[in-house]
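Colleague: Give me a close look at a single part of this model, please. I'd like to hear about one pocket and its lining, and then whatever else seems worth a glance.

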Amino acid sequence: MHRFLIFILLLAPKAWSAQDKPLWEYGVGSGYIHYEQYPASDQFSNIALPFPTFQYRGEILRANDREGARTYLFKKDAWSLEISGGGYPPLDSAANKAREGMEDLPFMINVGPQVVYEPLSENWEIKVGLFQVTSISGDVVKKNGAVLDTDFIYHFDFGPTQGRLSAGFKIVSQELQATYFDVSGMDATTDRPAYEAKGGFLDSEFAYFHSYTTGRLSLYLGFGLTDYSSSVNRSSPLHKSNFNISYLVGFTYVLGESERRSVPTENTQGIINKYRTKRANILPFE
């Protein structure tokens, strides 16, 4: 679910090859998203909104449709260590029958290190990230658990048409699982008995993004199937659905771009690499 939101709010779908692209570009877009209100919910929310877009294809910092939003810490051959993240939307519990009368769910972001491995070519990626989740509610900011997120990704493109197919799973700490699945004694009812959430496996997800680009205009769609049937908290009264489908459609338009060209993916490097190179140039005898 959160992958869809980050995709539409931050990135403008353009051709996924970074060869001979501008270093940065900005634009506008509009999209429609249909997504579950919280993990394993049987109710959905819909968002239709305009949004700004921005892409940057630098040596260390990348924020675009192919790499996503990431900062390279270290790169070597097919491996890289990065800082990445995502987000989770808030929920007014009054809008959800299962959570009626309970505390609202806060807006949350997750940031942390991610290891990326390209085992065969740049078309294939394996990502394993460990992310700290932080909730933001009004002026209150607090840590809210952690997520181990693993993805297996295949990219392909045929001229102006690009695709991204992914499969993955998440293991989530007890603290974050409790945010979604705990039911305290005060919130318990005859239809919603008290429940204490456990940490562990949350879901497996299969997703596909597709875009078509002509000139400055990009059209795109995406969908994701999330399987909660093996969740450690499937006994929670707030676990209402074993399978959920989310989707999005939209378009973006590039308004402006830099004259300077992008750094090709093969020439990117991490902060640690750059520091070691600089140190070696200063101290050539080491």
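Modeller: Here is the pocket, followed by some loop residues and the salt bridges.

Bear in mind that this is a predicted model, so to speak: local features need pLDDT of at least 70 and side-chain atom pairs count only at pLDDT 80 or more, while totals for chains, interfaces and linings use all residues. Residues are numbered from 1 along each chain as its sequence is written, and side-chain values use heavy atoms, with hydrogens and water left out.

The second largest pocket holds about 450 Å³ of space. A pocket here is an open set of points on a 1 Å grid over the protein atoms alone, where a 1.4 Å probe fits and there is protein on both sides within 12 Å along at least five of seven lines; lining residues have an atom within 4 Å of a point. Points are joined across faces, edges and corners, and the volume is the space filled by probe spheres set on them. The lining has 19 residues, and the closest to the pocket's centre are Glu-103, Asp-104, Pro-106, Lys-142 and Thr-179. Strand S7 (124-137), strand S8 (140-158) and helix H2 (174-181) are the elements that each give two or more residues to that lining. These elements are DSSP runs numbered from the N terminus: helices are H or I with at least four residues, strands are E with at least two. By class, you get seven nonpolar, five polar and seven charged lining residues, where Ala, Val, Leu, Ile, Met, Phe, Trp, Tyr, Cys and Pro are nonpolar, Asp, Glu, Lys and Arg charged, and the others, Gly among them, polar.

Zoom in on Thr-179, which sits in helix H2. Thr-179 counts as buried because its relative accessibility is 18% (buried is under 20% relative accessible area, exposed over 50%, partly exposed in between, with a 1.4 Å probe and protein chains only). Its side chain reaches the backbone oxygen of Glu-175 at 3.3 Å. Setting aside neighbours within four places in sequence, Thr-179 touches Arg-99, Leu-105, Pro-106, Met-108 and Asn-144, a contact being heavy atoms within 4.5 Å.

Past that helix, Asp-187 belongs to the loop between H2 and strand S10 (200-214). Asp-187 and Glu-103 are 84 residues apart in sequence, yet their C-alpha atoms are 9.0 Å apart. With neighbours within four places left out, Asp-187 contacts Gly-101, Met-102 and Arg-192.

Now for backbone angles. Ala-40, in the loop between strand S1 (24-36) and strand S2 (44-57), has a positive phi of about 65° without being a glycine, and at 0% relative accessible area Ala-40 is buried. Asp-77, also not a glycine, has a positive phi near 55°; Asp-77 lies in the loop between strand S4 (68-76) and strand S5 (79-88) and is exposed at 74%.

Lastly, there are two salt bridges (a side-chain nitrogen of Lys or Arg within 4 Å of a carboxyl oxygen of Asp or Glu). One joins Arg-57 and Glu-25 at 3.4 Å, N to O. Arg-57 is in strand S2 and Glu-25 in strand S1, so the pair ties together parts 32 residues apart in sequence; both residues are buried. Lys-170 and Asp-203 also meet in a salt bridge, at 3.1 Å, N to O. Here Lys-170 is in strand S9 (residues 161-172) and Asp-203 in strand S10, so parts 33 residues apart in sequence are tied together. Lys-170 is buried at 6% relative accessibility, and Asp-203 is buried at 3%.

Methods. A polar contact is a pair of N or O atoms within 3.5 Å; within protein, one must be able to donate a hydrogen and the other to accept it, and residues adjacent in sequence count only if both atoms are side-chain atoms.
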